[in-house]
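Good morning, colleagues. Please look at the sequence and the structure as I bring them up.

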Amino acid sequence: MPKIVVIGAGSASFGENTLAALMRSKKLRGSHLALVDLNPRSLDIVYRLANRLNREWDAGFTLSAHANHKDALDGADFVVSAIEVGPREELWKSDYEITLKHGVRQPYAENGGPGGFIHAARNMKPLMEILGDMEQACPAARLVNFTNPMMRICDAVHRYSKIKAVGLCHQIYEGYAMVGVALAKELGIEIPDGLEGMHADPILYPLQQRVARQTVPLVDIRAAGTNHFTWIVSIHDRRTGEDLYPLLKKRFFELDETFEPLTRRVFQNFDLFPVPGDAHLCEYLPWMSDPAAKPWEKFNIRLYDWETMAAMRDFSLERLSEMANGSLTVDGLLEADSEGALEMIENIACAGKHYHLAANLPNSGQISNLPLGAIVETPVIVDGAGVHPAHVGVLPEPVAELCRREIVAAQMGVDAAVEGSYAKALQCLLLDPVVRDLDAAKAILDDYLKTYREYLPQFWR
């Protein structure tokens, strides 16, 4: 049975979901699960929780806990990575506020824009260390990546290491939720009260999930593009095979104009439905940071609520601690979503066969008018031979051009972060659709590098 290493096992969301999903698997019974986290308290909580699940679920796993990934990698078959240089929310907020000082208002600042560059650059040092150690200890192991910015992290793995990787993201379910809202009558879906859109809001999340779970069994969506920037290329009724795209084009524009207004406008102008919802879609578009037009007001683009989400992270850890202590039931973990890690590991290790809605892999032709080797997101088939992308064909050329611009900026940022190249970092920012001024790009870069010097030794050699 395989040895599975989870790095960042104490992650507030991915760690819990991945742990529970793997340990309830009957097919993986007898596997070795090695948990890694730099935070001693998080590691202790997750390890004790894993031992409780192992006993109460009779999971049959061998468990180990490690403060350093190097101690866990020997003989690994799969490495699940959910690392993040933290404190996550504090740094993310700082990424956003630094650009404001230089006259640039980012729409979101997580995976695109200058914030996407510096976010990836901070995560690059630990990522490259993990990859180097994997090449020594377990070169044939497959990396399952959850770390953002997804496209940039997977691009670094693909172009700067020999490790095979697949990147997983749950954003496709935002597309299913929006389709469910638009086609609720035809699909017989009940839309819960209070669902205002796809914002990253703890109050809205259960409502979004409820609609998505209702929609997935009824509709087959094939989406393609780059992570957090994919587009529905086909949509069919699973029961009848009917092409639902014409109906979606009619029904979505009958919704209230306040429901995902940016998605609505882009769908209208490009005649293709963008999947990620307004909050992520806005990061990659060149029309969302104009200080005169203030498009964030026009389209009601909400910033991430850093303080609330940080508090939620602390609350989640306390909840896991109570589970580990035995003072809280673990029954809810029986329904935990693996976010895709279980499906990858089970079907590769046990020679199964699984169709996965979205995964990030190098482009080998699955999207024929995007650059070969670029990290793209499409459906995939998973089996004993690995992860195989579904062929999608071409994206409409205007949409492909938007994706190509993001691909080039992302690759330039990865090169800069790996090499410690100031020149390439500046070019990355100058290519980014958020940046509109030469001097502002240089000022932002200088401020970022100075502020985050401790995380970016490659730029200060």
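How much area does the protein chain expose, and what share of it do carbon and sulfur atoms supply? The protein chain exposes about 18400 Å², and carbon and sulfur atoms supply 52% of that area. Accessible areas come from the Shrake-Rupley method with a 1.4 Å probe, and for residues only the protein chains shown count as cover.

This is a predicted model, in which local features need pLDDT of at least 70 and side-chain atom pairs count only at pLDDT 80 or more, whereas totals for chains, interfaces and linings use all residues. Residues are numbered from 1 along each chain as its sequence is written, and side-chain values use heavy atoms, with hydrogens and water left out.

Let me turn to the overall fold. The protein chain contains 17 helices and 12 strands; these are DSSP runs, with helices (H or I) of at least four residues and strands (E) of at least two, numbered from the N terminus. Along its principal axes, the C-alpha trace spans about 60 × 60 × 45 Å.

Of the 461 residues in the protein chain, 60% are buried, meaning under 20% relative accessible area with a 1.4 Å probe, protein chains only. Among contacts (heavy atoms within 4.5 Å) with a separation of 6 or more, 70% join residues 24 or more positions apart.

Finally, one residue. Ser321 lies in helix α13, which covers residues 306–325. Its relative accessibility is 11%, so Ser321 counts as buried. Leaving aside residues up to four places away in sequence, Ser321 touches Arg41, Ile45 and Arg48.

Note on methods:
Buried means under 20% relative accessible area, exposed over 50%, partly exposed in between (1.4 Å probe, protein chains only).
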